[in-house]
Structures are given as C-alpha cells and as structure tokens.
Amino acid sequence: MTDLRRRHALMGLGMALTGCTPDQKVVTQSNAAYVSGQKLTRVLIVTRFSRPTLTAGQNASLLSATELKQSFDAKWPPLGIAVEVIDIDGAAANGKPLIAAADARFQSRQGMLLTSGVIKFRGQYVDDYEIDATLYDRGTRDRAIWRAKTDMVDFWRASGMESRRLAAADRYVDDLTAKLKKDGLI
C-alpha cells in the first residue's frame, strides 16, 4: 500500500472513529424583523439539502428529511404545532408539485424551507455546514416572516453513525425551537 493510500485509509478510519465523539454543536442566529405576531400552528417543512456540486457521499452526510421529520414529530406536537416534513431534493419543477400536493393534504398555516447554506470541508468530508431556515406565512401570500442560519459545527463528528445523526437532528430541532420561542413564534 502506498503512503498516499495508507493516509487515505487512516483518514477514513479516523473519520469513522470520530463518529463516536460525544457532541457536535449548533449555533442559530435569526432575523426576527418580519415576525407578524402570530404563533406557529400548522407548519409544512420543506427540505432541500443536496447539491449537484457535492459527491453522493458528501450529500449523504447532510441531515436527511427522514431524520428531521422524526425530530420535529417528537418535539413540536407537544408544543401545539402540527408539522409535516417533505423532501424536494431532486424533484421536478423545483418541488412545486410536491409542495402543492402536501399543502393541499396538510393545509398548512405556515411553511418553512430548510436548505443547506455554506458547507466547509475537512479534506473531502463535510465538516461544518449551515442550515438556512426561512419561515413563510401562508395567509400573507407566502411572504417570508422569519429567517435563521444554524451552524452545524463539527457535524462530521456526528455523521458516521445513525444514532449520532438522530442526535444531531434532535439538537438542530431543539436549537431552532429555542430561537423561535425567543423570537415569539412559539
């Protein structure tokens, strides 16, 4: 095995082992200038994280709609918020038909779009990345009423193992919820 191959193999092993590291941090900042004074009640959450410029493995290392759905379903209904999560990654027409169908079925009062923001790498692996959240009020013709950016710091530490990924999704939803509460939307 050449030195370069050995280094890549060890780096891959190091990345797998660091998946066992305890906590990755989340830091959310918001722009509450558009808050309309109403509370969240029925939120359709739309996720679009993957990017065509990333490899399949890099895209797979970002949180998935399934992981986020599990966290939102566990945490928001006890707060009095009905939630539906859909993924529009790779969908035709920028996901508009999927969003329209989900909204017709769910009849949301608010919509939230979650997208990947700035992505930083450690070698070829995703290290830190941002999740951009934009909240829309359906009653005001889908006008953006709130925005937040969350830094998923050292996310690569949580991306290797399923249990760590679910914990990362929980931490994200907890942090987003705390910021929404602070800004008066929950």
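Which residue forms a salt bridge with D73, and how far apart are the closest N and O atoms? The first close-up after the overview has the reply.

**Figure 1. The whole chain, from a predicted model.** Residues are numbered from 1 along each chain as its sequence is written. Since this is a prediction, local features need pLDDT of at least 70 and side-chain atom pairs count only at pLDDT 80 or more, while totals for chains, interfaces and linings use all residues, and side-chain values use heavy atoms, with hydrogens and water left out. Mean pLDDT (the predictor's confidence in each residue, from 0 to 100) is 78 for the protein chain, and 74% of its residues get to 70 or more. Take residues 1-26 with a pinch of salt: pLDDT stays under 50 there. Five helices and six strands make up the element list, where helices (H or I, at least four residues) and strands (E, at least two) are DSSP runs numbered from the N terminus. Their order from the N terminus is α-β-β-α-α-β-α-β-β-β-α. Among contacts (heavy atoms within 4.5 Å) with a separation of 6 or more, 71% join residues 24 or more positions apart.

**Figure 2. A salt bridge inside helix α3.** K69 is the partner of D73, with their closest N and O atoms 2.9 Å apart. The rule for a salt bridge is a side-chain nitrogen of Lys or Arg within 4 Å of a carboxyl oxygen of Asp or Glu, and by that rule the model has five. D73 and K69 sit four residues apart in helix α3 (residues 65-75), so about one helical turn separates them. Are these two buried or exposed? Neither: D73 is partly exposed at 33% relative accessible area, and K69 is partly exposed at 28%. For the cut-offs, buried means under 20% relative accessible area, exposed over 50%, and partly exposed in between (1.4 Å probe, protein chains only).

**Figure 3. K75 and D174, a salt bridge between helices.** The closest N and O atoms of K75 and D174 are 2.9 Å apart. This pair links distant parts of the chain, with K75 in helix α3 and D174 in helix α5 (residues 162-182), 99 residues apart. K75 is partly exposed at 25%, and D174 is partly exposed at 39%.

**Figure 4. E84 and R105, a salt bridge from strand to helix.** Here the closest N and O atoms are 3.5 Å apart. E84 belongs to strand β3 (residues 82-87) and R105 to helix α4 (residues 96-106), so the pair ties together parts that are 21 residues apart in sequence. E84 is buried, with a relative accessible area of 19%, whereas R105 is exposed at 55%.

**Figure 5. W76 and the largest nonpolar core.** A nonpolar core is a set of buried Ala, Val, Leu, Ile, Met, Phe, Trp, Tyr and Cys residues joined through side-chain atoms within 4.5 Å. The largest one has 33 residues, of which F72, W76, M112, L114, W146 and Y172 touch the most other members. At least two residues each come from β2 (42-48), α3, β3, β4 (110-122), β5 (125-137), β6 (143-153) and α5. Helix α5 gives the most, with six residues. Leaving out residues up to four places away in sequence, the contacts of W76 include L40, V43, I45, M112, V173 and I186. Another core of six residues lies apart from it, with V46, I86, I88 and A102 among them.

**Figure 6. The largest pocket.** This pocket holds about 300 Å³ of space. Of its 14 lining residues, V46, I99, L113, Y136 and R138 are the closest to its centre. β2, α4 and β4 each supply at least two residues of the lining. On a 1 Å grid over the protein atoms alone, a pocket is an open set of points where a 1.4 Å probe fits, with protein on both sides within 12 Å along at least five of seven lines; lining residues have an atom within 4 Å of a point. Grid points are joined across faces, edges and corners, and the volume is the space filled by probe spheres set on the points.

**Figure 7. Two loop residues with positive phi, A93 and Q107.** A93 has phi near 55° and is found in the loop between β3 and α4. Q107, in the loop between α4 and β4, also has phi near 55°. A93 is exposed at 54% relative accessibility, and Q107 is exposed at 58%.
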